[in-house]
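Please find below a colleague's note, to be read alongside the sequence and the coordinates.

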Amino acid sequence: MEIERTKIRALSPLEQPRSPEELRARQLRAREMLRGDLEGAELEGHVEERVMTTTLERALNTARANSLFPMTFGLACCAIEMMSMVTARYDIARFGAEAFRASPRQADMIILSGRVSIKMAPVVRRVYDQMLEPKWAIAMGACSSSGGMFANYAVVQGADKFMPVDVHIPGCPPRPEALLHGFNKLQRLIQGNPDPGWRRRYNAIGTEEWARGGPQSSPSPEAAEAYERARELANA
Amino acid sequence: MSTVEREVSRRPEPDALEPETELLTVNMGPHHPATHGVLRLVVQLEGEVVREVKPVVGYVHTGIEKSCEDKSYWKVIPFVERMDYLAYYFNMEAFCGAVEQLLELEIPPRAKYLRTIHLELNRIHSHLVWLGTSALDIGAISMFWYCFRERDRVLDLFEMSSGQRMHTRYFQVGGVIEDIPTGFAARLRAFCEEMPRRVDQYEALLDHNEIFLRRTRNVGIVPRQRLLELGVSGPLLRAAGEPWDLRKAMPTLAYADLDFKIPVGTVGDGYDRYRVRLAEVRESVRIIGQALEGLPEGPHIADQRKVVLPPRSELSTSMEALIHHFKLVTEGYRVPAGEAYYAIEGPRGELGCFVLSDGSSKPARVHVRDPSFANLQALHDMCLDGYVADLIQNLAMLDPILGGIDR
Amino acid sequence: MPDAPGLELIRQQIDEASPGAILDTSFDRRQAALICDPERVLDVLRWLHDTPGQEYRFLSSVHCADYLPAEPRFGVHYELLNMPRIERIRVKAMLSDPAASNGGAAASADPAAPGREAEEAAGMGALPEIDSCVELFPGAEFHEREVYDFFGIVFRGHPDLRRILLPEDYTGWPLRRDFPIGGEPVLFTHNEPSSPGWFE
C-alpha cells in the first residue's frame with residue numbers, strides 16, 4: 001500500500017531572504033517605492049514580490065484563524081488541560097487565541113471540554129446558538145466527541161448529536177499539545193486549507209461529512225435538506 | 001443561624017434601605033466564568049445583598065456509580081478516578097482501600113510509601129489549581145500563571161511514574177501498578193527543594209496585599225458548630241478552628257510513620273482558608289521529603305495471584321501465572337460478599353468510598369462520599385447577608401469541584 | 001470503630017431505650033453496623049447523637065444500596081462518626097419496595113415510562129418511605145435528595161425533596177438494579193447494517 005506523506009503547506013506565504021545582501025537590496029527597493037521612484041514594470045515586479053496580494057476572502061480567513069476568541073466553556077476534567085494550554089508552557093497566545101471570552105456573543109469558537117450530560121446538553125445548545133456567525137466548535141476529549149468511556153443513561157454520546165462540531169480531539173484528557181494540534185487543524189480549516197490527514201494517506205478523500213467552508217463542502221441533496229429542516233425546527 | 005460580628009463598613013445600614021424592598025432573583029450559571037465548573041446558583045438579591053442562595057447541581061452528572069456496577073473491579077478504577085477530577089489519586093485510593101478492606105489484603109510497605117508520595121503530590125496539585133483559579137476570580141490574575149507553572153512540574157512527575165498527566169490509573173488493588181523509574185527520586189527531591197521557595201513567592205504576592213485582605217478578611221464566616229452539623233470537613237473545617245484531619249485521626253498508608261503538622265485557622269473567614277491551604281502545601285512537601293528518604297525496598301504490589309496480575313516475565317515460564325493472568329483479565333477477581341466504607345482525607349475533606357460486594361467479580365454498588373457535595377451545603381450560610389462580590393469569593397474559597405459533586 | 005463487644009453493648013443500651021428498634025448487629029472486617037427497623041431509625045439516630053458517652057455528632061454520608069434480589073430490597077445506610085473518640089458506626093435501615101408487593105407491576109416494571117403521568121398515576125404511595133433526619137443532622141439534606149433521585153425513596157419531613165443530580169423532569173430511578181444502564185451500542189462492522197444511515 002502506498003503511503004504518501006507530504007508536508008503541510010506553511011501558513012506564511014512570504015519568502016525569507018537568502019542572504020544579508022538580498023535583505024539590503026529589498027530594503028533599498030522598498031525605500032525607493034515609498035519615495036515614489038519606482039515606475040512601470042519595476043513597480044509591478046516589486047509589488048508582486050513583496051506585497052501580499054490576495055482575495056479579500058482569504059485575508060479575512062487568515063485574520064479569523066489567527067485571532068480566534070475561544071469561549072470559556074469548561075465542563076469537566078478536560079477543562080483543566082485547557083486551562084494549562086492557556087498558561088505559559090503550552091501558550092496558546094502564540095496562535096493568537098489567548099483572549100478567552102466568557103460571553104458567547106463575543107466568542108468565535110467553543111471548546112467543549114468535558115462530558116456533556118443530559119442536563120447540560122440544552123444549555124450547551126443554547127449557548128452555541130447565541131454565538132454569532134462565523135463560529136466553530138472543537139470537541140475536546142473522548143467524552144464530547146463520542147461519549148467517551150461513559151456509555152450510560154446520563155451522558156450524551158457525542159456532542160455531534162445536538163450541535164455541529166468541526167474538530168474532534170481524542171484523548172482522556174488530551175495533552176495540551178494534542179489540543180494545540182487540533183487547534184492548528186481548525187486554523188487550517190478556517191483558512192480554506194483543511195488538513196485531510198489520514199484521508200490523504202489512505203486515499204480516502206471524499207468520505208468526509210459536510211464540513212462548512214471546506215473544499216469538499218457540497219453536501220448531498222438529502223443531507224442538505226435534512227440540515228435545512230433541522231435549522232427550521234431550531235428557529236421555529 | 002446566629003450572626004457573627006463583622007466590620008461595620010461591610011454591613012448595609014438598615015436605614016439606608018427603601019421601605020419597600022424588592023427581592024430580585026438572579027440566575028448565575030451553569031455557564032459562568034466564576035463558578036468553578038458548571039454550578040448553577042439561584043440567588044435572591046436585595047440590592048447587592050444576598051438574601052438566599054440555592055445551588056442547582058447535576059450539570060455534569062455522568063452516572064459513574066451506575067457504570068461501575070457493570071464493570072469488573074479493576075475497570076472501575078478509571079471510572080472512579082474521574083469523579084473529583086483534580087484529586088484523582090485520592091479517588092483511586094478511596095476505592096482501592098475499600099476493596100482491600102473487603103479482600104482483607106495487606107499492601108506491601110513500599111506500595112504504602114509510593115501511594116503516600118503520590119497522594120501528597122496530588123494534594124499540592126489540587127491546591128495549586130485552586131489557588132490559581134481562586135486568585136483569578138478575585139482579580140489577582142498573575143497567580144494563575146505562576147500556580148500552573150508549578151502544576152506542570154507536578155504533572156511531569158506524574159508522567160514520569162505512570163505515563164499520563166491526569167487520570168493515571170496508577171493505584172491498583174494491592175499496591176501500585178508499576179514501580180517508580182530511575183530518575184524519579186532525583187527529580188522529586190529537586191521539586192521538594194524548590195517548592196517551599198515558590199510558596200514563599202505566592203505568599204509574598206498575596207499575604208499582605210491590601211485588596212486581597214479587604215476581600216477575604218471577615219467574609220464568609222460560619223461558626224464551627226454549624227459546619228460540623230452540615231457535615232463539612234477538610235480545610236474549610238480546619239480554618240474554622242476544628243483540628244480534624246483523617247491523616248492524623250485515622251492514619252492509613254504511611255501517615256503514621258511520618259512527622260507533619262495540621263494547619264488550623266482561628267476565625268474561619270476566606271483569608272484563613274487561603275492560609276490553611278497554603279500551609280498544607282508546605283506540609284505536603286515535608287511529607288514527600290520524609291517519605292522519599294524512608295522509601296523501603298520491596299515489591300510494589302501485593303503477591304496475591306488471585307487479585308494481582310503476575311509479572312510479565314513469569315508468563316512465559318509458569319502455567320499457573322498464565323491461567324491467573326487470563327482469569328484476572330477476562331473475568332476479574334472475585335471479592336467476598338460484604339460492604340465496606342473507607343474514608344481518607346482528600347484535598348477538600350473526607351473522601352469516602354462505599355463498596356457493596358455480592359461475591360461476584362463486579363461490584364454491586366459503588367458510592368463515593370464526595371467532600372464537595374457536603375461542603376456545598378455551607379454556601380448558603382457563608383453568603384447570607386453579604387454582597388454579591390463576596391459570594392464569588394466565598395465560592396472560590398469553598399473549592400467546589402463539580403465532577404465530585406455531580407459524579 | 002467500636003469493637004464487637006462494644007457494639008453489643010450499644011445494642012443492649014438502645015434496646016433498653018427503645019425496644020425493638022435494632023433488628024441485628026454486624027461486625028464485619030472491623031466495621032460496626034446496626035441494622036434497625038426503618039420506622040424507628042430516628043430513635044436510633046437520636047440515641048446515638050444525644051447519649052453522653054456515644055455522641056456520634058458527625059454524619060459522613062447517607063446513601064442507599066439496592067440488594068435485589070434479596071428482600072427487603074433497599075438498604076439506607078447512615079455513616080456516623082464520633083470525632084472525640086474517633087469511631088465510626090453504620091446504621092442500616094432495610095426497606096422493601098411497596099410497588100412490588102402491591103402487585104403494582106405497571107409502576108415498577110417499566111420505570112422509564114415517558115411522561116410524568118406514569119409517575120403521578122403510580123402515586124407517591126408506591127414509593128418506599130422513611131423518616132428524614134434533617135432536623136438532627138442538617139447536612140443530610142443533599143444526601144437524602146440524592147437517595148430520592150437515584151432510588152425513589154421518599155424521606156418524610158424533608159424540607160425540599162426533589163431531584164438533585166438528574167434533570168427535574170426525568171422519570172425513573174436510575175440506580176435501582178432493574179433499571180437499564182442506558183447508552184448506545186458501539187457500532188462495529190458486524191452490526192453496522194442494523195443502523196442504516198447512521199452517518200446522516
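The numbered points take up the contact between two chains and then a pair of packed helices.

1. Everything here should be read with the caution that this is a predicted model, and the values that follow are computed from it.

2. In the contact between chain C and chain A, 14 residues come from chain C and eight residues from chain A. Putting the two chains together buries about 950 Å², and carbon and sulfur atoms account for 58% of that area.

3. As to the polar side of this interface, one salt bridge is found between chain C and chain A, namely that of E184(C) with K161(A), whose closest N and O atoms lie 3.0 Å apart. That separation counts as a salt bridge because the cut-off for such a pair is 4 Å. Three residue pairs are in polar contact between chain C and chain A, both residues of each pair being at pLDDT 80 or more. On the side of chain C that touches chain A, there are nine nonpolar residues, together with two polar and three charged ones.

4. Within chain B, helix 2 (residues 73-81) packs on helix 3 (residues 88-103) at an angle of about 145°, and the two axes are 8 Å apart; the crossing of these helices of chain B is right-handed.

5. The residues that helix 2 of chain B brings to this packing are Y73(B), V76(B), I77(B), V80(B) and E81(B), and they meet Y88(B), N91(B), M92(B), F95(B), C96(B) and V99(B) of helix 3 of chain B. Sorted by class, this contact between helix 2 and helix 3 of chain B holds nine nonpolar residues, one polar and one charged.

Conventions. Residues numbered from 1 in each chain as written. Chains lettered and ligands numbered in written order. Predicted model: local features only at pLDDT ≥ 70, side-chain atom pairs only at ≥ 80, totals over all residues. Heavy atoms only, no water. Contact = heavy atoms within 4.5 Å. Buried area = accessible area lost by both parts, 1.4 Å probe. Salt bridge = Lys/Arg side-chain N within 4 Å of Asp/Glu carboxyl O. Polar contact = N/O pair within 3.5 Å; in protein donor to acceptor, adjacent residues only side chain to side chain. Nonpolar A, V, L, I, M, F, W, Y, C, P; charged D, E, K, R; others polar. Axes fitted to C-alpha atoms, helices over the stretch in contact; angles between N-to-C directions. Helix = DSSP H or I, 4+ residues; strand = E, 2+ residues; numbered from the N terminus. Left-handed = near helix turned anticlockwise from the far one by under 90°.
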